[in-house]
Amino acid sequence: MRKKIIALDGPAGAGKSSVSKMVAKRLNCTYLDTGAMYRAITYEALKRNISEEKEIVQMVENLNMDICAKEDTMHVFIEGEDITQYLRTSEVSSNVSRISAFQGVRNAMVKLQRKVAEKGNAVLDGRDIGTVVLPDADLKIFLTASVHTRALRRYKELKDTDTTLERIEEEIKRRDNLDMTRKISPLRKADDAILLDNSDLTLEETADKIISYWKKVSE
């Protein structure tokens, strides 16, 4: 049976993680949330109160990070501690774009992501999977949605109780700008990726479309 490598890229709040989990489960693949890996680095930097690029890169190079990716679930461990529950806070969201733009951080993460993908039968989502991490992926999807739709989704999933929808919309606009204009691995649609706007689709409908695309490329 042919091994599957599916890459999903797109901006914050497009539903990449949720949709990727669904697709991975239905196709019996491993799911790798690369965004969670960058969030883990951001969380740890905030926890250690370090902000300079040199300090953060040095931390990453010496960090003991493990991921447990099985079908539709993924947990991130740092120094043996499961930190998954801390990755979606507003503080992490506000800092992840800046920290993930550091070259040393991206180099370390790309190596780990490719190592997982080498085993085949994997669905990876992030910002630069189809353009940098896995340019030869069997299927590339660029998943997006309107800013308002993305903000509403993020508002519903955030654990913080002191934020507002308007604040999240502004944060998403800021993150979009940072992700698309950074010099290293900017967010962009790969030339051979399928553009999928799911502003008016449920996550289940989005997963259905991606699976239909996969069936076409795997025929």
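Leucine 32 has leucine 124 in S6 as its bridge partner. The strands S2 and S6 (residues 122-126) run parallel and are joined by four bridges; strands here are DSSP E runs of at least two residues, helices are H or I runs of at least four, and both are numbered from the N terminus. Two strands count as paired if DSSP finds at least two bridges between them. All of this describes a predicted model, in which local features need pLDDT of at least 70, side-chain atom pairs count only at pLDDT 80 or more, and totals for chains, interfaces and linings use all residues. Residues are numbered from 1 along each chain as its sequence is written, and side-chain values use heavy atoms, with hydrogens and water left out.

The wider setting is an open sheet of five strands, ordered S2-S6-S1-S7-S8 with parallel pairing. Strand S2 (30-33) and strand S8 (194-197) each have a single partner strand and stand at the edges, so one side of each lacks a neighbour in the sheet. From one strand to the next, the twist averages 20 degrees. Helix H2 lies across S2 and S6 and runs at about 40 degrees to S2, where axes are lines fitted to C-alpha atoms (for helices, over the stretch in contact) and angles run from 0 to 180 degrees between N-to-C directions.

H2 also leads us indoors. The largest nonpolar core has 56 residues, and those with the most contacts inside it are Val23, Ile41, Ile56 and Val105. Such a core is a set of buried Ala, Val, Leu, Ile, Met, Phe, Trp, Tyr and Cys residues joined through side-chain atoms within 4.5 Å. H2 gives the most to this core, with seven residues. A second, separate core of five residues includes Leu158, Leu165, Ile168 and Ile172. Leaving aside neighbours within four places in sequence, isoleucine 56 is in contact (heavy atoms within 4.5 Å) with residues including Ile41, Ala45, Ile99, Phe102 and Val105.

The structure holds one aromatic pair. Tyrosine 43 and tyrosine 86 are stacked, at 5.2 Å centre to centre with 5 degrees between the planes; rings of Phe, Tyr and Trp (its six-membered ring) pair if their centres lie within 6.5 Å, and planes under 30 degrees apart count as stacked, over 60 as edge-to-face and the rest as tilted. Tyrosine 43 lies in helix H2 (residues 34-48) and tyrosine 86 in the loop between strand S5 (81-82) and helix H4 (90-100), so the pair ties together parts 43 residues apart in sequence. Tyrosine 43 is buried at 16% relative accessibility, while tyrosine 86 is partly exposed at 30% (buried means under 20% relative accessible area, exposed over 50%, partly exposed in between, with a 1.4 Å probe and protein chains only).
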